[in-house]
Amino acid sequence: LEVTTLGFGASELRGGKMWGPDIPDAQAGEVLNAVLDAGINFIDTALDYGRSEELIGAYISHRRSEYFITSKCGCIPGEMDNVPH
């Protein structure tokens, strides 16, 4: 496997949380497609990244052969919601 040095952290797609911007779905799709169009083939996500996995599936699943996706384990959704930042 060869991944690009630069990857995309999908936490910014979580939406509606204090830990990321609330962006419209269509804009998330534009970002994800721009990531692939720029040649980036490494996308990082996690269960506690809100809707990021749903948006990845909705907007770039048709381009699945173009990227690798990683996730994390041990993340508890909502655990970070009450942490001051």
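Colleague: What relative accessible area does D25 have in this structure?

Modeller: The model is a predicted one, and the value is computed from its atoms. Buried would require under 20% and exposed over 50%, and D25 falls between these limits, so the residue is classed as partly exposed, with a relative accessible area of 31%.

Colleague: With which residue does D25 form a salt bridge whose closest N and O atoms are 2.7 Å apart?

Modeller: The partner is to be sought far along the chain, since D25 sits in helix α1 while the other member of the pair belongs to the loop between β2 (42-44) and α2, 26 residues apart. That partner is itself partly exposed, with a relative accessible area of 30%. With the closest N and O atoms 2.7 Å apart, the residue that bridges to D25 is R51.

Colleague: Which residue joins D25 and R51 in a network of salt bridges?

Modeller: In general terms, side chains of opposite charge can pair when their charged atoms come close. A search of the whole structure finds 5 salt bridges. The network that holds D25 and R51 has one further member, E54.

Colleague: Which residue forms a salt bridge with R63?

Modeller: The closest N and O atoms of this pair are 2.9 Å apart, and the acidic member is D37. R63 lies in the loop between α2 and β3 (68-70) and D37 in helix α1, so the bridge ties together parts that are 26 residues apart in sequence. The two ends differ in their surroundings, because R63 counts as buried at 13% relative accessibility, whereas a value of 58% makes its partner exposed, and that partner is D37.

Colleague: Which side chain meets that of D44 in a salt bridge?

Modeller: D44 counts as buried because its relative accessibility is 17%, and its partner is partly exposed, with a relative accessible area of 35%. D44 lies in strand β2 and the partner in the segment after β3, so the pair ties together parts that are 28 residues apart in sequence. The N to O distance is 2.8 Å, and the side chain that meets D44 is that of K72.

Colleague: Which residue of β3 does D44 stand opposite?

Modeller: The chain has 2 helices and 3 strands, and from the N terminus on its elements run β-α-β-α-β. Strands β2 and β3 pair in the parallel sense over 3 bridges. Within β3, the residue opposite D44 is T70.

Colleague: Which strands stand at the edges of the sheet?

Modeller: The sheet is open, has 3 strands in the order β1-β2-β3, and its pairing is parallel. Each edge strand has a single partner strand, so one side of each is left without a neighbour in the sheet, and these edge strands are β1 (8-9) and β3.

Colleague: Which helix supplies the largest share of the largest nonpolar core?

Modeller: This core has 13 residues, and those with the most contacts inside it are F8, L13, L32, I43, I56 and I60. Both α1 (25-37) and α2 supply at least two residues each. The largest share, 4 residues, comes from α1.

Colleague: Is S52 buried or exposed?

Modeller: S52 lies in helix α2 (residues 52-60), and, leaving aside neighbours within four places in sequence, is in contact with A10, L13, R14, T45 and A46. On the other side of one of these contacts, L13 touches F8, I23, A28, L32, R51, S52 and L55, not counting residues up to four places away in sequence. Because its relative accessibility is 0%, S52 counts as buried.

Colleague: What distance separates the C-alpha atoms of S52 and E12?

Modeller: Contacts between distant parts of the sequence are frequent here, in that residues 24 or more positions apart account for 77% of the contacts in the chain with a separation of 6 or more. S52 and E12 are 40 residues apart along the chain, and their C-alpha atoms are separated by 7.9 Å.

Colleague: Over the ring of which residue does the charged end of R64 sit?

Modeller: Pairs between aromatic rings do not enter here, as their count comes to 0. The charged end of R64 is 4.7 Å from the centre of the ring in question, which belongs to Y67.

Technical notes. Residues are numbered from 1 along each chain as its sequence is written. This is a predicted model: local features need pLDDT of at least 70, side-chain atom pairs count only at pLDDT 80 or more; totals for chains, interfaces and linings use all residues. Side-chain values use heavy atoms; hydrogens and water are left out. Buried means under 20% relative accessible area, exposed over 50%, partly exposed in between (1.4 Å probe, protein chains only). Contact means heavy atoms within 4.5 Å. A nonpolar core is a set of buried Ala, Val, Leu, Ile, Met, Phe, Trp, Tyr and Cys residues joined through side-chain atoms within 4.5 Å. A salt bridge is a side-chain nitrogen of Lys or Arg within 4 Å of a carboxyl oxygen of Asp or Glu. Rings of Phe, Tyr and Trp (its six-membered ring) pair if their centres lie within 6.5 Å; planes under 30 degrees apart count as stacked, over 60 as edge-to-face and the rest as tilted. A charge sits over a ring if NZ of Lys or CZ of Arg is within 6 Å of the ring centre and within 35 degrees of the ring normal. Two strands pair if DSSP finds at least two bridges between them.
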